[in-house]
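Please read this report with the coordinates open beside it. It moves from the pocket to the aromatic contacts, then to the strands, and ends with backbone geometry.

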Amino acid sequence: MLSRMSSARSAPRLIVTVLGSGTSQGVPMIGCKCPVCQSPDSRDKRTRSSIFVETPLAKILVDTTPDLRQQALREGLDHLDAILFTHPHADHIMGFDDLRRFCEIQGGPLPVYGSADTLAKIEAIFHYAFNPRTLVPGYVHVLPNAVTGMFELGGIEITPLPVPHGAVSTLGFLFAHKGRKLLAYLSDCATVPDPIRDLIRDVEVLVIDGLRDKPHPTHLTVSGAVAAAQAIGARRSYITHQTHEKRHVDRMRDFAGRHRSGLRRHENRVRPRAVMTA
């Protein structure tokens, strides 16, 4: 469990499960003999970055990673009400066809949300799922929704958070209820611009990209993620999209020695989950 934000019984719950917290190639990497990839510690096993958000009214998936089938089986996912896409890079969309099973179980198409550019790029790859003349049983079918501003799903207000990520703009997402900022998810970003920091200031839980210690042109470093989290004033923060460059135990030792910020590294295999009420 990541954190229990409140014990108010009358408020709706927001449950967040980290399905994956690894970088684009996953951890361990194919053919790699480094100490992290060879580690027996389950916390050093990371599928590609994604989260699953539940409210009493909706079950929402953020991104369809190449590991979606594995993630869904591990967490027992059998129903989705909507899918949010951050951006069209392969590690965030190439599990798209695994949505077919959810369409089959639920007997109809699934709503998907993302920027117009992201949806267009996904449609170019998975054209058969968009606006088919007939709905073929056993295949994936989706209802595209271009995100241009705040929208609501499952009683939760969702605000898009555009952040730079190399040649593309990634959509992060702020999940709030009646003005209370519950969760901000920024999976892939080189920086967090001031207007975005202002939007998510004092958020209760922040999940933020922290690729590695060495600088990268399209991702935050771990120290950059720590600095952003401190500037935002998040009550609790976690790093995602991690590489294979440092073992979990060493990273936590490093935080204990240098980063006294409450920032912790995400681990998909311990099934971290945040339960929040608003």
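What follows describes a predicted model.

**Pocket**

The largest pocket has a volume of about 240 Å³, and 18 residues line this pocket, with T23, S24, L211, H216 and H219 the closest to its centre. By residue class, the lining of the largest pocket divides into twelve polar, four charged and two nonpolar residues.

**Aromatic contacts**

A pair of aromatic rings is described by the distance of the centres and the angle of the planes. The structure holds five aromatic pairs, and two of them are set out below.

| Pair | Centre to centre | Angle between planes | Class |
|---|---|---|---|
| F96 and F130 | 6.1 Å | 10 degrees | stacked |
| Y113 and F151 | 4.9 Å | 5 degrees | stacked |

The pair of F96 and F130 links distant parts of the chain, since F96 lies in the loop between α2 (90-93) and α3 (99-106), while F130 lies in the loop between α4 (116-125) and β7 (142-146), 34 residues apart. F96 is buried, with a relative accessible area of 0%, and F130 is buried as well, with a relative accessible area of 5%. Both residues also belong to one aromatic cluster, formed by F85, F96, F126, Y128 and F130.

The rings of Y113 and F151 count as stacked because their planes stand at 5 degrees, and the cut-off for stacking is under 30 degrees. Y113 lies in strand β6 (residues 110-114) and F151 in strand β8 (residues 151-153), so this pair ties together parts that are 38 residues apart in sequence. Y113 counts as buried at 14% relative accessibility, and F151 is buried with a relative accessible area of 13%; both assignments follow because buried means under 20% relative accessible area.

A contact of another kind involves R100, whose charged end sits over the ring of Y139, 4.9 Å from the centre of that ring.

**Strand β6 and its partners**

How is β6 placed with respect to the rest of the structure? Four of the five residues of β6 are buried, so this strand is largely enclosed by the rest of the structure. Strand β5 (residues 82-84) runs parallel to β6 and is joined to β6 by two bridges, and in this part of the model L84 stands opposite Y113 of β6, the residue whose ring is stacked with that of F151. β6 also pairs with β7 in the parallel sense, over five bridges, and V112 stands opposite P144 in β7.

**Backbone geometry**

Most residues other than glycine have a negative phi, and most peptide bonds are trans. Against that background, the peptide bond from V27 to P28 is cis, with omega near 5 degrees, and P28 has its place in the loop between β2 (13-20) and β3 (50-55).

Positive phi values are found at D202 and H241. D202, which is not a glycine, has a positive phi of about 65 degrees and is found in the loop between α5 (194-200) and β12 (205-209). H241, also a residue other than glycine, has a positive phi near 60 degrees and is found in the loop between β13 (236-240) and α7 (248-258). Is each of these residues buried or exposed? D202 counts as exposed at 53% relative accessibility, whereas H241 counts as buried at 1% relative accessibility.

Note on methods
Residues are numbered from 1 along each chain as its sequence is written. This is a predicted model: local features need pLDDT of at least 70, side-chain atom pairs count only at pLDDT 80 or more; totals for chains, interfaces and linings use all residues. Side-chain values use heavy atoms; hydrogens and water are left out. On a 1 Å grid over the protein atoms alone, a cavity is a set of points where a 1.4 Å probe fits but cannot get out, and a pocket is an open set with protein on both sides within 12 Å along at least five of seven lines; lining residues have an atom within 4 Å of a point. Grid points are joined across faces, edges and corners, and a volume is the space filled by probe spheres set on the points. Ala, Val, Leu, Ile, Met, Phe, Trp, Tyr, Cys and Pro count as nonpolar, Asp, Glu, Lys and Arg as charged, and the others, Gly among them, as polar. Rings of Phe, Tyr and Trp (its six-membered ring) pair if their centres lie within 6.5 Å; planes under 30 degrees apart count as stacked, over 60 as edge-to-face and the rest as tilted. Buried means under 20% relative accessible area, exposed over 50%, partly exposed in between (1.4 Å probe, protein chains only). A charge sits over a ring if NZ of Lys or CZ of Arg is within 6 Å of the ring centre and within 35 degrees of the ring normal. Two strands pair if DSSP finds at least two bridges between them.
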